[in-house]
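Please open the model in your viewer with both chains displayed, and keep the selection tool at hand. The stops below are meant to be followed in order.

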2 protein chains.
Amino acid sequence: MLNLTGQQFIGAERTGSGEASLLSLRAVDGKPTGWRFYAATPSEADAAACAAQAAFADYGQTSPQARALFLAAIADELDALGDDFFDIAHQETALPLARLKGERARTSGQMRLFADMLQRGDAFIPRIDTALADRTPLPRPDLRQYRVALGPVAVFGASNFPLAFSTAGGDTAAALAAGCPVVFKAHEGHMATAELTAGAIVQAAARTGMPPGVFNLIFGGHIGARLVQHPAIQAVGFTGSLRGGSALIKLAQQRTQPIPVFAEMSAVNPLVILPHALAARGAQIVQDLVASFTLGCGQFCTKPGLIVAIRSPTTSDFLSRLCEAVSQSAPQTMLNPAALAGYQQGVARREAHTGLTPLAQGRCAPEQASARLWRAAPEAWLAKDELLHEELFGPSALVLEADDEQHLLALLAALQGQLTATLHADEADTPLARRLLPLLGDRAGRLLFNGYPTGVEVCDAIVHGGPWPATSDVRTSSVGTLAIDRFLRPVCLQNAPAALLPPALQDSNPLNLLRRVNGTLTRSPVQP
Amino acid sequence: MLNLTGQQFIGAERTGSGEASLLSLRAVDGKPTGWRFYAATPSEADAAACAAQAAFADYGQTSPQARALFLAAIADELDALGDDFFDIAHQETALPLARLKGERARTSGQMRLFADMLQRGDAFIPRIDTALADRTPLPRPDLRQYRVALGPVAVFGASNFPLAFSTAGGDTAAALAAGCPVVFKAHEGHMATAELTAGAIVQAAARTGMPPGVFNLIFGGHIGARLVQHPAIQAVGFTGSLRGGSALIKLAQQRTQPIPVFAEMSAVNPLVILPHALAARGAQIVQDLVASFTLGCGQFCTKPGLIVAIRSPTTSDFLSRLCEAVSQSAPQTMLNPAALAGYQQGVARREAHTGLTPLAQGRCAPEQASARLWRAAPEAWLAKDELLHEELFGPSALVLEADDEQHLLALLAALQGQLTATLHADEADTPLARRLLPLLGDRAGRLLFNGYPTGVEVCDAIVHGGPWPATSDVRTSSVGTLAIDRFLRPVCLQNAPAALLPPALQDSNPLNLLRRVNGTLTRSPVQP
């Protein structure tokens, strides 16, 4: 049976004060699941940040191999979570069991991917420029650069991925892999799920001899603001709304010492269908596209929310089929009543908007969301009308029809930053695809061809990022091994005595790393 | 003879409107050199940003080899600048000719370093994860990641390095190397120097067939704010004061689309002398240290402005010698009358401050700066008194004496972020050095041993960066090849047809790049 205390995880302690007034709710009807949680007090938030800072002294100096064992142990603990765990996660999110189990596999797989990278030891290429004592007019000193952990990281998880983008999700994995302790602010939509996941992480930390405070978790609504303002916190990871991310960024910038916020926020993920692809496989695209934008009730950050094509009789036929498919789509339960209310309000605003024309609506059911499809007026789109450009969280999409190729380019040039942009193009579409690619590449972190953006592979090559407002830092990714870059910084040692060099920078290259030595990539020792 | 028009460089045009009301001034006495400049109008600032954006369409797609030729041509043009150039640069900055020629060599050398890196083609390691069609439960798509240029960059140069951190300085070199066009806002302290340098860059662009607008320059005082707010600008490079950097960051954050500002701002660059080193070579350290903090009239961002030691009779003796050396140091002309006024005000504030005790003053001369040394009260230091912690631009330093090793650790823990931290340690100091290292490493981008931080080597391993307020982004460097990272972002192509893959990601690896293919670093082609 589940063993939940509803308390914070702060270093080696579990604490909670006052009433356990935060209620875990069932997604399906908003009724209490029965589990209750203690809202962290300001001093508990501070204590969690301090526990992370205390842990950083040791954890920041651990070897990559030691951290790899820790991450692999977390993966094992996650994989050991049983039916009770999935039952409560399902209650809290309404996500189907198969989906939750798949997401668990993805989450433990992500921990193992980082563990493998750390074991491999080649995430970064140390740089060594050896001394040139005889250089004129000035000698060159010995300079050696490696990467070190930033410090304690505050992480805010998302509601829509209670595992993969939450307590033990990508931000937590990347921060821990980098050597940064984590303070996680639990999402109120799945607090019981969060407590059980945190228990798995803390268990893994104990098993692998990591310092208490390497992972901490606090519950509460507004307590996250205090966490971001705490001087011990050196970076923030966030997945959620544009409004939420912007608020955290503002707080982080107002600190005496501003810190980076890596926020993944908002995208409509355009999907552009070029004429030959449309003609050749329009019917198949209709099926797959509706499946993609209604997948998980449209609650994916990569939901294709904008469908773009060039006007033609073929396109008209395609749109008729699309409307037909949407109208047959089944209603679904959203993550929680607030998400449903947000979707319904967004739908109402769009219904009343002159720049949008309703095209289709899916089947309805009480307390569930039904799919929606609108046609966007190109003039309103080009005028950067907010309602047309902003994400609507839920099973909806807009259709945007271009008059011709030139108009298509103009419409796409008006796009904001995106996580993804998708191009359906057959071989005969290649000339037009070539013209669109630089434009889409400027506006998205991932470009897909003849596929659907929902589903983000966790690997070395993935980029889950993009220009604002998709994320707050276009130079990073929040998924895959690239995500570790966010939590590392370079340090250069000049003329350091051999006895004080870290292993990564020692002449003998004891870690057998690939290094850039005097401009050349090599695993060879440095010759004195 | 010098050919200066005082006009902006905007794309292929030179423009100027109204009166040429900006005066180039002689550093030594603030009198006009005779050269006059047109302040850019708001529409000229916009035009410069638009010219950069127009150039980006082509320049962002150039091959690394083409950009390498451009950068090498800039280096050649810089090296061809003659005596007229150095004469005006000397007039505008009071920097000695030998220093200016050394700085020119460093500046052209920096362009060549980036050119070499681009030629080598191994600045970045593309990542390829090939498709796994038979994987269960879901197949893996083909994913390929490379880096692309961010877009037009606005650069603000520093007064103290009219070449190396100005028009053709590190930020410009890194942005151009990345494929980003530049709009440079000329520093008012050396406008004639800036115009001549811009002419060299534009000449090189023409010679190597780069698009007009790849480099633009505007003159003016407050026009930089408009530039940072222009939607075409995607990042900002800045070297200067904490106040100036903070103002630009605020503007950049207030944009509809916030953009990163890479600002190098403020540091006191602590230099810690451990007991055995002090005993063994205190006399030598006195000489070298005074030479370092008065070098270039103390106008280096890496000036060692804080000297830290543990109290002892040896330390007292060392401090006596240090005071003696300071009192004999010669007065120097600062970069301009405003810099001198700022230094004098800073000196006056420190003289009146109860947390600081005057220890020594260098020789005086009218219109020149004399060296200053104060003792800082440890209590005021630990209380984070601003005047003790902030940089004073000019030939001054503070002395901070610790009671013992524990006190030393506490004093250093109170340090803000720094560009550098220096440790003088002999072999017998190693145990204490080991305790200090993690603490200093948390607070500085470069750690020096038994040396002096003035002088920043331009190479692969250098880090010229550090935690706030040293810079606005601790994860980067503004000097050396690492600086290119600031202006690149990752893009991932998923299931891209072979015909649409860029050379860096093609199966055959036509650029012979080191790539990470399915987790392994290799130059081999991808096997289909």
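How many bridges join strand β5 (residues 127–129) of chain B to strand β6 (residues 143–149) of chain B? Select the two strands in this predicted model, and you will find that three bridges join β5(B) to β6(B), the two strands running antiparallel. Within this pair, Asp129(B) is the residue that stands opposite Leu143(B) in β6(B).

Next, select the loop between β5 and β6 of chain B, where Pro137(B) has its place. The peptide bond leading from Thr136(B) to Pro137(B) is cis, with omega near 0°. Most peptide bonds are trans, and most residues other than glycine have a negative phi.

Two further backbone details in chain B can be visited from here. The first is a cis peptide bond between Trp468(B) and Pro469(B), for which omega is about 5°; Pro469(B) lies in the loop between β18 and β19 (488–494) of chain B. The other is Asn269(B), which has a positive phi of about 50° although it is not a glycine, and which is found in the loop between β11 (261–264) and β12 of chain B.

Now widen the selection to the sheet that contains β5(B) and β6(B). Read across, this open sheet of twelve strands has the order β14(A)-β15(A)-β16(A)-β13(A)-β12(A)-β17(A)-β18(A)-β19(B)-β6(B)-β5(B)-β20(B)-β21(B), and its pairing is mixed. At the edges stand β14 (356–361) of chain A and β21 (520–522) of chain B, each of which has a single partner strand, so one side of each is left without a neighbour in the sheet. Neighbouring strands are turned by 25° against each other on average, direction ignored.

To see what packs on this sheet, select helix α11 (residues 337–351) of chain A, which lies across β14, β15 (372–376) and β16 (396–402) of chain A and runs at about 35° to β15(A). Then add helix α14 (residues 405–413) of chain A, which packs on the sheet by touching β12 (270–273), β13 (306–310) and β16 of chain A, its direction making about 140° with that of β16(A).

While chain A is selected, highlight residues 35–455, where UniProt, in an unreviewed entry, places the feature "domain: Aldehyde dehydrogenase". Over residues 35–455 of chain A the chain is 46% helix and 18% strand, with the end C-alpha atoms 31 Å apart.

Another sheet to select is an open one of twelve strands, ordered β21(A)-β20(A)-β5(A)-β6(A)-β19(A)-β18(B)-β17(B)-β12(B)-β13(B)-β16(B)-β15(B)-β14(B), again with mixed pairing. Its edges are held by β21 (520–522) of chain A and β14 (356–361) of chain B, and because each has a single partner strand, one side of each is left without a neighbour in the sheet. From one strand to the next, the twist averages 25°.

At the chain B end of that order, β14(B) pairs with strand β15 (residues 372–376) of chain B in the antiparallel sense over five bridges, and here Gln361(B) stands opposite Arg372(B) in β15(B). Helix α15 (residues 430–441) of chain B packs on the sheet and touches strands from both chains, namely β19 (488–494) of chain A together with β12, β13, β17 and β18 (444–449) of chain B, while its direction makes about 155° with that of β18(B).

For a contact between helices, select α3 (residues 83–93) and α4 (residues 97–120) of chain B, whose axes come within 10 Å and cross at roughly 115°, in a right-handed crossing. In this contact Asp83(B), Phe86(B), Ala89(B), His90(B) and Thr93(B) of α3(B) meet Leu97(B), Leu100(B), Lys101(B) and Arg104(B) of α4(B); these residues divide into four nonpolar, two polar and three charged.

Finally, display both chains together. A turn of 180° with a shift of 0.0 Å along the axis lays chain B on chain A with an RMSD of 0.0 Å, which is the relation of a two-fold axis. The same surface serves both copies, since 100% of the contact residues of chain B recur in chain A. To locate the rotation axis, centre the view on Gln253(B), whose C-alpha, at 4.4 Å, comes closest to the axis of the residues of chain B.

Note on methods
Residues are numbered from 1 along each chain as its sequence is written. Chains are lettered from A and ligands numbered from 1 in the order in which they are written. This is a predicted model: local features need pLDDT of at least 70, side-chain atom pairs count only at pLDDT 80 or more; totals for chains, interfaces and linings use all residues. Side-chain values use heavy atoms; hydrogens and water are left out. Axes are lines fitted to C-alpha atoms, for helices over the stretch in contact, and angles run from 0 to 180 degrees between N-to-C directions. Helices (H or I, at least four residues) and strands (E, at least two) are DSSP runs, numbered from the N terminus. A crossing is left-handed if the near helix is turned anticlockwise from the far one by less than a right angle, and right-handed if clockwise. Contact means heavy atoms within 4.5 Å. Ala, Val, Leu, Ile, Met, Phe, Trp, Tyr, Cys and Pro count as nonpolar, Asp, Glu, Lys and Arg as charged, and the others, Gly among them, as polar. Copies are superposed by least squares on the C-alpha atoms of residues with pLDDT of at least 70 in both. UniProt positions are given in the numbering used here, feature names are shortened, and annotations may be inferred rather than shown by experiment. Two strands pair if DSSP finds at least two bridges between them.
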